[in-house]
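Let's talk through some salt bridges and how each label is earned. Take a look first, then we'll go question by question.

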Amino acid sequence: MGALEGKVGIIYGIANHRSIAWAIAQAADAAGAQLVLTCIERMERDVRRLAAQLSRPPLVVLCDVQDDAQIAAVYEDVRKHHERLDFVVHAIAFANREDLAGRFIDTPREGFRQSLEVSAYSLTAVTRAALPLMTAGGSVVTLTYLGSERAMPHYNVMGVAKAALEASVRYLAADLGPSRIRVNAVSAGPVQTLSARGIAGFSGMLDAMNERAALKRNIEASEVAQAAVFLLSDGASGITGQTLYVDAGFNIMGIEQSVAG
Ligand code: NAD
């Protein structure tokens, strides 16, 4: 029996076949989950094409998380097809390309506002709206990056958004624990996706992983997906409010062996 057999879950954030959300959808499908996929209008054709590859046909719903009415409409649609939701996957982020190129200090007010709203506040918005359907407890997983804790070149406002996202995970976990709903984040190492292409010098981040991560390599989206499926499953029933690193051990490294001699 798969780890998510009998569970119904909703996944936010598929843009194309490279998306981490798509890797999670494939892994959750293989683990037995019945899925609902959401995407923005521009990605609908690609997402419907991908959805057809899953073993249980998912409902596909449009949702821009900047619009509360669209978020509410998603769950009205879900309710027509499913009595209950067991999990939510949030794999959404946005920052203006120019704000991920120069210095953080130059971030304009509007770029800061939009990045924090789409990348951090949306977790709270989509989770709150899901609650009436999460009647048997459940699990919420979001995606973050180490740039929340350390100043990474060009990650800038997205690092600040990820810090807010990780703090939101802890506050949501505290709020929802009594309802047996767990909330966790997976902190992924760099993966070549549409969003990643918007970060200046992204290939340098991949090179640094090969040189400095404990495992001396980059990670695959499928490895992030397996960790997400674990957190969504009952196997993680005692885990909430945590950030789980899937980064080949990059975050634990101090001075490299070669420097110490
Ligand atoms: P991606 O571009 O495939 O996914 C980002 C998604 O956010 C897209 O589907 C996009 O449509 C969606 N999105 C943006 N604005 C939206 C809005 N207003 N409403 C609804 N959806 C919106 O890239 P990805 O790398 O798979 O990103 C998924 C998550 O993983 C993000 O939170 C990202 O920060 C995180 N992450 C990525 C990496 C990496 O290296 N790729 C590393 C760590 C964490």
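**Charged pairs, one by one**

Q: What makes the E44 and R48 contact a salt bridge?
A: In this predicted model, the side chains of E44 and R48 come together at 2.9 Å, N to O. The cut-off is within 4 Å for a Lys or Arg nitrogen and an Asp or Glu carboxyl oxygen, so the pair qualifies.

Q: How do you know that E44 and R48 are about one helical turn apart?
A: Both sit in helix α2 (residues 44-51), and they're 4 residues apart, which means about one helical turn.

Q: Why is R48 called partly exposed?
A: Its relative accessible area is 42%. Exposed needs over 50% and buried needs under 20%, so R48 lands in between. E44, at 22%, is partly exposed too.

Q: What makes R49 and D46 a salt bridge?
A: Their closest N and O atoms are 3.0 Å apart, and the limit is within 4 Å, so the label fits. R49 and D46 are 3 residues apart in helix α2, again about one helical turn.

Q: Why is R49 called exposed, while D46 is partly exposed?
A: R49 has a relative accessible area of 53%, and the exposed class starts over 50%, so R49 makes it. D46 has 27%, so it's partly exposed.

Q: How do you know that D77 and K80 form a salt bridge?
A: Their side chains meet at 3.5 Å, N to O, and that satisfies the within 4 Å rule. Both lie in helix α3 (residues 68-81), 3 residues apart.

Note on methods:
Residues numbered from 1 in each chain as written. Predicted model: local features only at pLDDT ≥ 70, side-chain atom pairs only at ≥ 80, totals over all residues. Heavy atoms only, no water. Helix = DSSP H or I, 4+ residues; strand = E, 2+ residues; numbered from the N terminus. Buried < 20%, exposed > 50% of the residue type's maximum accessible area, 1.4 Å probe, protein only.
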